[in-house]
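Hi,

Here is the structure we talked about. Please open it first, then read my notes below.

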Amino acid sequence: MKLMEPGYIGNLKVRNRVVMAPMISNLANPDGTTNEAHMRYLEERAAGGVGIVITEYTYIDNLNSRGSRNQLGLYDTKMVPKLRRLTEGIHRHGAAVFVQLVHAGGKASPEINGVESMAPSSMRYFNHVAREMTVEDITNVQESFVKAAKLAQASNFDGIELHGAHGYLIHQFLSPATNKRTDKYGGSFENRLRFVKEIIEAVKSEVSVVLGIRLSLFEYDEDGYGPEYGLAIANSLTGVDYVHFSAGRNAPPGSSAPFYYEHIHVFRKLPGRPNKTSIIVGSVTTVDDVEEVLKVADFVSLGRALLADPYFVRKAVTAPELIRPCIRCNQACRDLSYGEVRCTVNPDTGFENRKTPKFPLSGEIVIVGGGIKGMEAALTARSYGLKVTLYEKEESVGGQLLEVVDPWKKTEFSRLISFYQNSLRRRGVEVITNTKYRGQGIYCLPDEVYPDLPQSDQLSIDSNIYKYHDLALKEAERREVIMSLRSLAFMDRSRAESFKRIAESKGVKFVGNYNFKFSLVLRDQYDIMRAMTSGRRVVTEFVESNVQDFS
Ligand SMILES: Cc1cc2nc3c(=O)[nH]c(=O)nc-3n(C[C@H](O)[C@H](O)[C@H](O)COP(=O)(O)O)c2cc1C
Ligand code: SF4
């Protein structure tokens, strides 16, 4: 297995080829300092076996560089002691740790920073217009990068990654679409690279740790650059030890492509081998994906797959069938309403410092219902030491996930069902299917069952419930289907736009007029995470209130 082979970045020996991709967790404090929850979240991924943990994008000054509210920051010596604890915690598990440094530029939030944002050229970003940076601004930002790099070294980070991707400041300089300058920082390929080259040179002269850069190999935007341009940037940056390829500037799907896009979506567009150590990210969710990417790249980085299962690497070696799979739903992890990092298929993500109750119990328990809720309940009961029998009336476990009709979802969700089947088997849960059990036990029937579709000639849907989204695609083959635009409002932007494109290609019409009388109006999507949490809760409550029967 290539993934377990040690490798080098610069002089740094890394225990294997898997890197945790930088991901904003919003677990840090409002002043940018780290805390227990944040440290535990990162440590857990190190304990799970990755070679390198890269922190989330970390802002470099307390002025206008910040992009998210509870983002990690690195701009003051007062931050160093706690960051030393963070790096120590990760080193303890044998992983290296890099910090990703960012200035969000035009994408910085004036609301969060309290000042207007600035960019290479004045233009609209989200709901605001960023002002054009002066040469003095450029020098100040470069100095902030150097200061942050020195603080990173003092905090015992093994490496620094400059965030030159995803449309943030460095990327804004690199992209012809966002850099319209006519001075020495714009106008030609060389000039657009000058800003970052000067940062690289200045950082290199001050610190000795590994220095790398994250780049978007290509942009999805209509006026965006392609993979040849992205590779040319990487090959021109001679001062860095590695390049970390991601994708996207502004237009969806960006880097975290949902299930409407193929696996290893960034890697597939790589036009040639870069002239330096490379890391590639992008919809790598299986061990096969990892090995495929490692045929060309030196390292592979996993983002969402490690939110779904922090122990991906360890399990890849011992039991790949027990990896809890990221289903690329872009739901909890991209849903800002949660604020802090969450994962739809892993209720523990973002709660790594929470103590799970331990019940060293004996006895037997019956769980009724083989949907997500029942399967999670069965695994929870096993973890308490109980002998578990799970009854399912259908031929197979999987519950409502088996009813999914959208082929993209079907593929991803079937991996989740397989994970449960394998886990139940491995943990010794007796699964009895095709049986309507009526005896005593914990009944884990679905908390929500949605009504069938109305049988009118025209179907009009105003609902955020995914079941109806799927059915809209199917029904469009035989009757007129209309959907409200707000049906998609709570979806991640890339998934919403992909779904809309697919639906429109099948003839579904979208309306933004809410005086329209829809034939199906229903809100409150019950999702996989709620089913899992519910399964865990019913078992825990049952055991707690009947603990004398199992001791
Ligand atoms: C919750 C979340 C937060 C992210 N935050 C960052 C970030 O701070 N810096 C960054 O470069 N990329 C960020 N990304 C992009 C990931 O690093 C990664 O490139 C992307 O998710 C694709 O990899 P994956 O398919 O393995 O998830 C984020 C992605 C997610 C899902
Ligand atoms: S929420 Fe969905 S896409 Fe995000 S990490 Fe979890 S399973 Fe993957």
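**What I found**

Start at the far end of the chain. Over residues 350–437, the chain is 36% helix and 15% strand. The C-alpha atoms at the two ends of that span are 36 Å apart. Keep in mind that this is a predicted model. UniProt, in an unreviewed entry, gives residues 350–437 the feature "domain: FAD/NAD(P)-binding".

Now take the other annotated span. The unreviewed UniProt entry lists residues 2–316 as "domain: NADH:flavin oxidoreductase/NADH oxidase N-terminal". Residues 2–316 are 31% helix and 19% strand. Their end C-alpha atoms lie 11 Å apart.

**Ligand 1**

How many residues surround ligand 1? There are 21. The closest are Pro-22, Arg-214, Ser-255, Ser-283 and Arg-304. Sorted by class, the shell around ligand 1 holds 8 nonpolar, 9 polar and 4 charged residues.

Three contacts to oxygen atoms of ligand 1 are worth finding on screen.

- Pro-22 uses a backbone N or O atom, 2.7 Å from an oxygen atom of ligand 1.
- Tyr-57 also uses a backbone N or O atom, and here the distance to an oxygen atom of ligand 1 is 3.0 Å.
- His-163 uses its side chain: an N or O atom there is 3.0 Å from an oxygen atom of ligand 1.

How much of ligand 1 does the protein bury? Taken alone, ligand 1 exposes 600 Å², and the protein buries 95% of that.

**Ligand 2**

Next, look at ligand 2. The space it takes is the largest cavity. The residues around ligand 2 include Arg-304, Leu-307 and Arg-328. Four cysteines are listed there by name: Cys-326, Cys-329, Cys-333 and Cys-343. Arg-304 is also one of the closest residues to ligand 1, so look for it in both places. By class, the shell around ligand 2 has 8 nonpolar, 2 polar and 2 charged residues.

**Two backbone details**

Where is the cis peptide bond? It runs from Pro-252 to Pro-253, with omega near 10°. Pro-253 is found in the loop between strand S11 (242–246) and strand S12 (277–280).

Asn-26 is the other residue to check. Its phi is near 55°, a positive value in a residue other than glycine. Asn-26 sits in the loop between strand S3 (18–20) and helix H1 (36–47).

Best wishes

Terms used: Residues are numbered from 1 along each chain as its sequence is written. Chains are lettered from A and ligands numbered from 1 in the order in which they are written. This is a predicted model: local features need pLDDT of at least 70, side-chain atom pairs count only at pLDDT 80 or more; totals for chains, interfaces and linings use all residues. Side-chain values use heavy atoms; hydrogens and water are left out. A residue is near a molecule or strand if one of its heavy atoms lies within 4 Å of it. A polar contact is a pair of N or O atoms within 3.5 Å; within protein, one must be able to donate a hydrogen and the other to accept it, and residues adjacent in sequence count only if both atoms are side-chain atoms. Accessible areas come from the Shrake-Rupley method with a 1.4 Å probe; for residues, only the protein chains shown count as cover. Ala, Val, Leu, Ile, Met, Phe, Trp, Tyr, Cys and Pro count as nonpolar, Asp, Glu, Lys and Arg as charged, and the others, Gly among them, as polar. On a 1 Å grid over the protein atoms alone, a cavity is a set of points where a 1.4 Å probe fits but cannot get out, and a pocket is an open set with protein on both sides within 12 Å along at least five of seven lines; lining residues have an atom within 4 Å of a point. A molecule sits in a cavity or pocket if more than half of its atoms lie within 2 Å of its grid points. UniProt positions are given in the numbering used here, feature names are shortened, and annotations may be inferred rather than shown by experiment. Helices (H or I, at least four residues) and strands (E, at least two) are DSSP runs, numbered from the N terminus.
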